[in-house]
Amino acid sequence: MSQLEFEVVCVNEEGEIVKRQKHSAPHYPEKLAENVYLDLVVIPEGDFLMGSPESEEGYLRSQSPQHSVHISPFWMSVYPITQAQWKKVAKLPPIDCYLAPTPANFVEPNRPVEQVSWEDAKEFCARLSQLTGKTYQLPSEAQWEYACRANATTPFHFGQTLSTDLANYSGVDWEYLGKVCSRGGYGKGKTGEDRRETTPIDYFSVKNAFGLSDMHGNVREWCADPWHLNYQNAPNHDRPWLDGGHPSKRILRGGSWNGGPHKCRSAYRGKLEADGSLYDIGFRVVGLFNL
């Protein structure tokens with residue numbers, strides 16, 4: 001175990017960087033194969049208010065009511081799972097299902113793997129656990145949001161808005177029948193680029209205060225929980241909320257290159273059938289172990 005050194009930035013309401021700080025976090029590189037590692041950082045214990053206030057731009061009822069959740073410490077992959085990491089694990093013996101070795105649409109070893117279903121991601125975690133002898137799984141929705149916020153209470157861990165200089169999302173206005181149906185700017189933030197593809201990991205060279213990259217945009221990320229319409233009767237622990245909910249739909253978090261900034265907010269929730277896959281959906285893993 002070592003210390004990961006990284007830079008954290010904060011933006012003002014217009015999306016301009018107003019602060020740069022050096023941070024560090026406990027770091028563990030899990031070896032998957034020769035020259036292929038899974039970088040993990042410790043997400044510290046804490047409590048946070050999960051969900052969105054009604055006053056937040058982009059608020060939906062599915063993101064409320066806000067509720068306090070206690071989080072135990074865990075490891076989380078710094079980046080979404082890459083195609084290089086996926087390929088190595090996909091070669092391991094099957095546990096519950098087959099994994100295609102190269103499912104991604106935007107092919108490059110250091111880009112996130114995409115076009116993988118929730119069931120594929122779960123199989124990846126099972127094979128990774130068997131390979132390493134450690135417990136790896138998809139993050140619970142509570143773990144994901146806590147890790148994304150990194151103690152921030154603003155819509156994004158960067159601040160009140162987002163910039164395409166810092167994250168990969170659609171930063172242009174989309175119109176339909178003469179009306180803007182998706183805004184490229186958030187709040188007082190400006191419009192920006194629309195790259196129309198994933199970007200390699202560490203493309204922007206910034207992370208949140210916990211040491212995580214690409215929590216806003218690039219690819220939407222699977223969580224372990226089934227879909228619930230809202231947070232009524234939601235638990236205050238960090239384990240997946242398995243009681244009730246839709247039996248076949250699973251949670252997606254974080255937004256992507258294919259959506260506007262409001263869908264990249266820390267509190268935004270999406271869903272898809274567990275066996276569904278699209279070219280803007282990937283995942284990252286959490287590790288439940290001590291070193």
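Helices and strands here are DSSP runs, with at least four residues for a helix and at least two for a strand, numbered from the N terminus. By that rule the protein chain holds 3 helices and 14 strands. Keep in mind that this is a predicted model.

Start with the overall form. The C-alpha trace spans about 50 × 40 × 40 Å along its principal axes. Is that chain compact? A better way to put it is to ask what radius of gyration the protein chain has. The value is 18 Å, and a compact globule of 291 residues would have one near 19 Å, so the chain agrees with that picture.

Now look at the inside and the outside. Of the 291 residues, 55% count as buried. The accessible surface comes to about 12,900 Å². Carbon and sulfur atoms make up 49% of that surface. The contacts tell us about the fold as well. Take those between residues at least 6 apart in sequence: 72% of them join residues at least 24 apart. Charges come next. The protein chain has 30 positive and 36 negative side chains. The centres of these two sets lie 1 Å apart.

Next, follow three strands. Strand β10 covers residues 220-227, and strand β11 covers residues 246-253. The two pair in the antiparallel sense over 4 bridges. Within this pairing, W222 stands opposite L252 of β11. Strand β11 also pairs with β12, residues 270-273. Here too the sense is antiparallel, with 4 bridges. I251 of the β11 strand stands opposite K271 in β12. In a regular strand, side chains alternate between the two faces of the sheet.

Finally, turn to the backbone in the loops. Most residues other than glycine have a negative phi, and most peptide bonds are trans. Which residues are joined by a cis peptide bond? They are S64 and P65, with omega at about 0°. P65 lies in the loop between β4 (46-50) and β5 (67-71).

Two other loop residues have a positive phi. N151 has a phi near 80°, though it is not glycine. Its loop runs between α3 (141-149) and β8 (174-176). Is N151 buried or exposed? N151 counts as exposed because its relative accessibility is 60%, and the cut-off for exposed is over 50%. R196 is the other case, with a positive phi of about 65°. R196 sits in the loop between β9 (179-182) and β10. At 33% relative accessibility, R196 counts as partly exposed, since that class lies between the 20% and 50% limits.

Methods
Residues numbered from 1 in each chain as written. Predicted model: local features only at pLDDT ≥ 70, side-chain atom pairs only at ≥ 80, totals over all residues. Heavy atoms only, no water. Rg over C-alpha atoms; globule rule 2.2 N^0.38 Å. Buried < 20%, exposed > 50% of the residue type's maximum accessible area, 1.4 Å probe, protein only. Contact = heavy atoms within 4.5 Å. Areas by Shrake-Rupley, 256 points an atom, 1.4 Å probe, with all protein chains shown as cover. Lys, Arg positive; Asp, Glu negative; His and termini not counted. Charge placed at Lys NZ, Arg CZ, Asp CG, Glu CD. Pairing = 2+ DSSP bridges.
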